[in-house]
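Please read the following report alongside the sequence and the coordinates, going section by section. It deals with strand pairing, helix packing and ring contacts.

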Amino acid sequence: MSGLLEPSPPIMHVDMDAFFASVELLSRPELRGKPVIVGGRSPRSVVTSATYEARRYGVHSAMPVGAALRLCPNAIVVEPHMSRYREYSRQVMAIFREVTPLVEPLSIDEAFLDVSGARRLLGESDRIAADLRARVLAETGLTCSVGIAATKFMAKLASGRAKPDGMLVIRASETLDYLHPLPVRSLWGVGARTAEQLERLGLRTVGDIAEAPLDTVVRAVGQATGTKLHELALGHDDRQVETESTEKSVGHERTFDTDVSDLDELRREVLAQAGRVAARLRAAGVEGRTVALKLRFSDFTTITRSHTLSSPTDLGRRIFDEAWEVFSGIDLAGRAVRLIGVRMEQLAPAGQASAQLALFPGDDEPAEEWHDAEKTIDRVTARFGIDSVRPASLLRGPRSGETADRNGTRR
């Protein structure tokens with residue numbers, strides 16, 4: 001079937017262009033056309049977004065702001081405003097859902113859309129995408145790029161090739177011709193190490209992987225990864241657009257301005273993060289069973305340790321107790337901490353277990369009373385801000401005679 005007669009594929013991947021930076025430019029139009037970096041002012045802040053003018057110098061997300069400024073000395077750094085990004089994300093996702101109910105957000109600034117049904121009313125996919133892009137621009141002032149293909153993988157690949165402010169359609173019959181000349185790093189899940197393992201066997205392009213025996217690919221990167229890459233290289237991706245998704249984890253982390261070895265300061269940070277994670281769990285109506293602690297040291301060595309609870313929780317006090325116990329089992333070996341993070345995993349809808357309402361070992365108050373107290377704090381912070389109510393230990397040092405030991409001694 002010729003490309004002119006072949007129906008347009010139904011899967012779209014819509015990706016906002018330099019989203020955070022673009023939102024900042026809405027209120028700073030004088031910065032348009034200039035290299036702009038969105039990031040904090042501390043020495044260890046990282047780039048959260050950058051305009052395409054800055055990206056031409058090699059600036060990219062997640063790199064240290066200092067390194068970005070060395071690449072692009074004339075860049076203008078602006079502080080991030082997450083509340084603005086969330087509001088614009090809400091507007092954009094609402095536009096998507098007016099086109100089709102089959103929307104799967106991947107992050108704050110991108111989503112998959114299945115327009116199979118919408119095509120009967122709104123026309124072919126490329127027309128729908130063109131109208132969608134025009135509407136997003138008219139209603140928000142932001143641009144987006146759209147990839148259209150028969151599978152989610154190819155649609156995401158197409159949107160990346162369409163950036164910035166473009167659209168690319170890859171019809172089903174064109175999939176392999178487009179895909180096979182690309183380097184192996186174009187496949188999902190192929191980073192530098194995996195690419196090196198594949199290239200050792202002479203597998204340099206996606207076509208090489210498609211033509212190679214499956215056992216050859218598996219020998220290079222393992223059974224699960226090898227099978228997945230082989231399927232993608234053949235153009236196979238049967239994943240559907242999922243309109244309902246459950247967060248796999250909820251976490252919070254902090255990179256310190258200077259490395260920290262003081263246990264009292266680290267303990268207060270774990271306490272603060274446990275409270276924030278718990279509040280996010282309650283806001284989402286979920287509980288978690290596994291508490292994970294992440295540490296990164298001054299030499300950038302990173303470790304993660306976790307502990308699974310007997311029953312799920314959304315209680316900050318319990319999350320802190322478990323996280324600090326995990327911390328206490330780690331041998332710091334005199335190393336200072338650069339980053340620390342607390343995360344809850346194995347999430348499930350709240351209320352599915354009642355064990356949380358039992359007494360904690362060694363506690364004087366039922367967990368139910370602590371839960372009510374933390375929900376009261378949620379209401380106060382929702383009205384007056386996240387820092388309006390905090391544990392006393394976050395406002396002062398240890399009382400006389402107390403130390404921040406690694407046994408989680410209560411204060």
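## The mixed three-stranded sheet

In this predicted model, strand β2, made up of residues 36-39, pairs with β4 in the parallel sense, and three bridges hold the pairing. Within this region valine 38 stands opposite valine 78, a residue of β4. The two strands belong to an open sheet of three strands, ordered β3-β2-β4, in which the pairing is mixed. Because β3 (47-50) and β4 (76-78) stand at the edges and each has a single partner strand, one side of each is left without a neighbour in the sheet. Ignoring direction, neighbouring strands of this sheet are turned against each other by 30° on average.

Helix α1 packs on this sheet and touches β2, β3 and β4, while its direction makes about 65° with that of β3.

## Helix α1 against helix α4

How do the axes of α1 and α4 cross? The axis of helix α1 (residues 19-27) and that of helix α4 (residues 82-99) come within 10 Å, and the crossing angle is roughly 100°. An angle of 65 to 115 degrees counts as roughly perpendicular, and α1 and α4 are therefore described as roughly perpendicular to each other.

On the α1 side, the residues that meet α4 are Phe19, Phe20, Val23, Glu24, Leu26 and Ser27, and their counterparts in α4 are Met82, Arg84, Tyr85, Tyr88 and Ser89. Sorted by class, this contact of α1 with α4 has seven nonpolar, two polar and two charged residues. Some of these residues also take part in ring pairing, since ring pairs link Phe19, Phe20 and Tyr85 into a cluster.

## The β5-β6 hairpin

Strand β5, which covers residues 103-107, and strand β6, which covers residues 110-114, run antiparallel and are joined by four bridges. The connection from β5 to β6 is a hairpin through two residues. As one point of reference along this pairing, glutamate 104 has phenylalanine 112 in β6 as its bridge partner.

## The antiparallel four-stranded sheet

A further open sheet consists of four strands in the order β9-β12-β10-β11, and the pairing here is antiparallel. The edge strands are β9 (249-260) and β11 (302-313), each of which pairs on one side only. From one strand to the next, the twist averages 15°.

Within this sheet, strand β10 (residues 286-297) pairs with β11 in the antiparallel sense over eight bridges, and alanine 292 stands opposite serine 306 of β11. Two helices are in contact with these strands. Helix α14, residues 316-328, packs on the sheet by touching β10, β11 and β12, with a direction that makes about 140° with that of β11. Helix α13, residues 263-284, lies across β9, β10, β11 and β12 (337-349), and runs at about 155° to β9.

## Aromatic rings and charges over them

How many aromatic pairs does a search of the whole structure find? The search finds six aromatic pairs, and the cluster formed by Phe19, Phe20 and Tyr85 is linked through ring pairs.

Rings also have charged side chains placed over them. Arginine 55 lies over the face of tyrosine 52, at a distance of 4.6 Å from the ring centre. In another case, the charged end of arginine 335 sits over the ring of phenylalanine 297, at 3.8 Å from its centre; phenylalanine 297 falls within the residue range 286-297 of strand β10.

How values were computed. Residues numbered from 1 in each chain as written. Predicted model: local features only at pLDDT ≥ 70, side-chain atom pairs only at ≥ 80, totals over all residues. Heavy atoms only, no water. Pairing = 2+ DSSP bridges. Phe/Tyr/Trp six-rings, centres within 6.5 Å; stacked < 30°, edge-to-face > 60°. Lys NZ or Arg CZ within 6 Å of the ring centre and 35° of its normal. Axes fitted to C-alpha atoms, helices over the stretch in contact; angles between N-to-C directions. Parallel < 35°, antiparallel > 145°, perpendicular 65-115°, else oblique. Contact = heavy atoms within 4.5 Å. Nonpolar A, V, L, I, M, F, W, Y, C, P; charged D, E, K, R; others polar.
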